[in-house]
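Trainee: I would like to go through this model with you and ask, for each description, what it rests on.

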Amino acid sequence: MKLVIRFVYFALFFNSYLMTENLVIVESPAKAKTIEKFLGKDFKVVSSFGHIRDLTKNKLGIEVEKGFKPVYEVPSDKQKVVSELRKLAADSKTVWIASDEDREGEAIAWHLVTVLGLDPSTTLRIVFHEITKDAITNAINHPRAINMDLVNAQQARRVLDRLVGFEISPVLWKKVQPSLSAGRVQSVAVRLLVDREREIIGFTPESSFRVNGLFKGINNKSEEVILKAECARKFIKEADATKFLTTCSESEFSIGNISVKPGTRSPAPPFTTSTLQQEAYRKLGFSVAQTMSVAQKLYEAGRITYMRTDSTNLSSLALNTAKEVIMADYGTEYSRTRQFKTHSKGAQEAHEAIRPTFFDKKTITGNNNEKKLYELIWKRAIASQMAEAITEKTTITIEMNPSCENFTASGEVIRFDGFLRVYSESTDAEGGEDEKPILPSVAKGMPLSAETITALQRFTTPPPRYTEASLVKKLEELGIGRPSTYAPIISTIQARGYVAREERPGEKRSLIILTLAKGKITRSEKSEITGKEKSKLFPKDIGMIVNDFLIKNFPDILDYNFTAGVEKQFDEIAGGELEWSKMISVFYSPFHKSIDEALSKKERMTGSRELGTDPATGLPVFVKMSKYGPVVQLGEASPGNKPRFANLRRDQLLETITLSEALVLFSLPRSLGMLEGSELVVGTGKFGPYVRYDGKFYSLKRGVDDPYTITAERAAGLIAEKQESEKKKVIADFGEIQVLNGRYGPYITMDKNNFRIPKEIEPNKLTKEECLAIIEKGGTKKKSTKTVKKK
DNA sequence: CAGTGAGCGAGCTTCCGCTTGACTT
């Protein structure tokens, strides 16, 4: 008896010792760390690292016949987290699930309850939108149950995406090429790029003449004033522009109307994921992926709030601290507290806007990119809480007599800088916006003389190609994709080869300038570069072929409004007005029929096109998509006759290449003549264009050399350069050990293993013994992990 | 390191959204 009591005692003691009072599960480990501080010692806060369960990895994972029943599994990389969570949950009195308050968060909560075997009646679901003590204690005081309608909306989303992706992709493997993919989001992203490219292809520039004048006069303070002004009228024909300049030469000018209009400019809202990606691209030149990885670092270091958000909302704590910082640093008149409405399509607003955790930290420690991005976030968030700028726009009309045309000069003065003192948003417009000048003081009727008047030819430009960032912006406008997926979408469509980030050097174009000075009109020309592109997304042939195939066979899914339409239905499911499997079933029957129809069609999509006949051989010339990419083909394939093939260049498209451009492609490999007894041959191989000389290959410089036009002289130069750097490559040679110059600086190599040389050591003074010492030190770490190339 | 391009067939590929590490040259 005594023993039993003792045992119970012990068990109770032991139990209470091990048992955690409260276990809170959130999605992100950084968030868990922060929250634990707010909640105190009775709460243990852990993270699920996002979703813990998904549809089966390699199979459809949907039992279509059984009402689209999802087949879930815990992915291999999540099994460890799940087993740990299971243990912790079993040892806790109360489990609180604090995943985000949106569709995905609710589903995560439900999967946790199911997978961890929690009791739904005692498990508490809580949510908060901002990580502040108030928000969290408030959440703890208002727990609720899991909202199954919201979960079902997520299941519908998940199942729809899986059906679309896993039923269409295999059709592409059969009808276009293996390993391709299609999806609700990626296929529309590619479509945006292809549609834009076709607009550009079909664009014909039109030119017109814009007339600008430089006028001088004396104002009533006896000061000489200079005004730059533009004529409102544009002239299509050169003759008309000349005629107008003649009129100008015979006219008198004077100041007409002067209008002064006050205006204001307001700051942009604080960053969301999408706007952060856009501004980091425009102001810092970061790629979308780079922005996210730097932001992740800042988040983990506790510098900024969560970086995957679609909300422009700031917590009241943030509003207050921003206000304090602004008042202290800039003065009361610079402060204006605002809350911005989020109006992006499909926003779920589970988090705050992206902002500094502590507004009083203007700069931080960290690497350069972290500092730059942090400062950008700080400025944007602070500016959003600052006063509007007050401006004054002045427009001065210059009248012409006897002609009834006139010129206008416009200028802007900032009367109060407000938020502009800290930050102003950039635009996607190219060439930059011209600063509006401050206009001199003049009075109506004041006579002016025209110093020079020029008519400059200008061409209209096609719509711009997308950058990574402007594509994200467009996707967000269409409500396609989520903050967590913008960066992955961009990399997927590139990984599939549908699009590529490329440059174009542009072409010269000449412009006519007509100048009127001292009563004489002169005509001259200047050249401008047109079509120059830097780091733009270009659709590639395979992207265009897949796009056309998808539009033909699945027009509904490729519609820009498809996502918006299904989102509306997901909302109805979330509101309990629509049963999720019913929605999927209505979608699926016509969809699956179109899959079968697409499969039953015989033809394959190759993008083939006949360009004409080669005048030299009389053979037909085709272009098409081959197994290894776009090619031009000379002659038909027939038994015993293998046609000639040549790859298209990176900047050519199956759709637009001409016969003469195609014929040039057959000119490789070509001989550049002899150099010291050996032949110089230019060709393109596996690794791009090269010169072959004396049995060795020398790569041409990308973006500098062109294999079709390179001269023997330049080729010889390349060879000499390479031989020179080969010589420099070896700093010291001790037989089995060598000190070499590599891409990342000098290093030591032995047995195909490379070793870093410590900074304080001068590589050219190393002895064999010192090298061995360095190898000894670093050698135990790892063997070379050079992977064997798969053939 | 320095082209392939046909056709057959086995076995593989593929979606979108939540999350962070491993990997390093």
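Mentor: Let us begin with strand S11 (residues 252-265) and S14, which run antiparallel and are joined by 2 bridges; bear in mind throughout that this is a predicted model.

Trainee: What makes S11 and S14 a pair?

Mentor: Two strands pair if at least two bridges are found between them, and S11 and S14 have 2 bridges, so they meet that definition. Within this pairing, phenylalanine 253 has leucine 448 in S14 as its bridge partner.

Trainee: Which strand does S14 join over 10 bridges, and which over 5 bridges?

Mentor: Strand S9 (residues 207-218) is joined to strand S14 (residues 447-459) by 10 bridges, and these two run antiparallel; lysine 216 has serine 449 of S14 as its bridge partner. With strand S16 (residues 507-517), S14 pairs over 5 bridges, again in the antiparallel sense, and there threonine 452 is partnered by alanine 517 in S16.

Trainee: Why are S2 and S8 said to stand at the edges of their sheet?

Mentor: The sheet is an open one of 4 strands, ordered S2-S1-S7-S8 with parallel pairing. Strand S2 (43-47) and strand S8 (124-125) each have a single partner strand, so one side of each is left without a neighbour in the sheet. As for the partner of S8, strand S7 (residues 92-97) pairs with S8 in the parallel sense over 2 bridges, and isoleucine 97 stands opposite arginine 125 in S8.

Trainee: Which helices lie against this sheet, and at what angles to S2?

Mentor: Helix H2 (residues 29-39) packs on the sheet, touching strand S1 (20-26) and S2, and its direction makes about 170 degrees with that of S2. Helix H3 (residues 79-90) lies across S1, S2 and S7, and runs at about 165 degrees to S2. Angles over 145 degrees count as roughly antiparallel, so at about 170 degrees H2 is roughly antiparallel to S2, and at about 165 degrees H3 is roughly antiparallel to S2 as well.

Trainee: Why are H2 and H5 called roughly perpendicular?

Mentor: The axes of H2 and helix H5 (residues 133-141) come within 10 Å and cross at roughly 75 degrees. Since 65 to 115 degrees is the range for roughly perpendicular, H2 and H5 are therefore described in that way. The contact is made by Ile35, Phe38 and Leu39 of H2 together with Lys133, Ile136 and Ile140 of H5; by class, its residues divide into 5 nonpolar, no polar and 1 charged.

Trainee: How do you know that H10 and H12 belong to that class too?

Mentor: The axes of H10 and helix H12 (residues 368-383) come within 10 Å and cross at roughly 85 degrees, which makes H10 roughly perpendicular to H12. On the H10 side, Gln290, Thr291, Val294, Ala295, Lys297 and Leu298 meet Asn369, Glu370, Leu373, Tyr374 and Ile377 in H12, and by class this contact has 6 nonpolar, 3 polar and 2 charged residues.

Trainee: What makes S27 and S30 edge strands?

Mentor: Their sheet is open and has 4 strands in the order S27-S28-S29-S30, with antiparallel pairing; strand S27 (730-734) and strand S30 (753-756) are its edge strands in that each pairs on one side only. Neighbouring strands are turned by 30 degrees against each other on average, direction ignored. Strand S29 (residues 745-750) pairs with S30 over 4 bridges in the antiparallel sense, and threonine 749 has asparagine 754 in S30 as its bridge partner.

Trainee: How is the angle between H20 and S27 to be classed?

Mentor: Helix H20 (residues 712-729) lies across S27 and strand S28 (737-742) and runs at about 50 degrees to S27. That value falls outside the roughly parallel, perpendicular and antiparallel ranges, so H20 and S27 are oblique.

Trainee: What makes the approach of serine 484 to DNA strand B a polar contact?

Mentor: A polar side-chain atom of serine 484 lies 2.8 Å from a phosphate oxygen of DNA strand B, and the cut-off for a pair of N or O atoms is 3.5 Å, so the pair qualifies. Serine 626 has a side-chain N or O atom 3.3 Å from a base nitrogen of the strand, and a backbone N or O atom of glycine 165 lies 3.4 Å from a base oxygen; both pairs therefore qualify as well.

Trainee: Which element gives the largest share of the surface near DNA strand B?

Mentor: H6 does, with 9 residues.

Technical notes
Residues numbered from 1 in each chain as written. Chains lettered and ligands numbered in written order. Predicted model: local features only at pLDDT ≥ 70, side-chain atom pairs only at ≥ 80, totals over all residues. Heavy atoms only, no water. Polar contact = N/O pair within 3.5 Å; in protein donor to acceptor, adjacent residues only side chain to side chain. Axes fitted to C-alpha atoms, helices over the stretch in contact; angles between N-to-C directions. Contact = heavy atoms within 4.5 Å. Parallel < 35°, antiparallel > 145°, perpendicular 65-115°, else oblique. Nonpolar A, V, L, I, M, F, W, Y, C, P; charged D, E, K, R; others polar.
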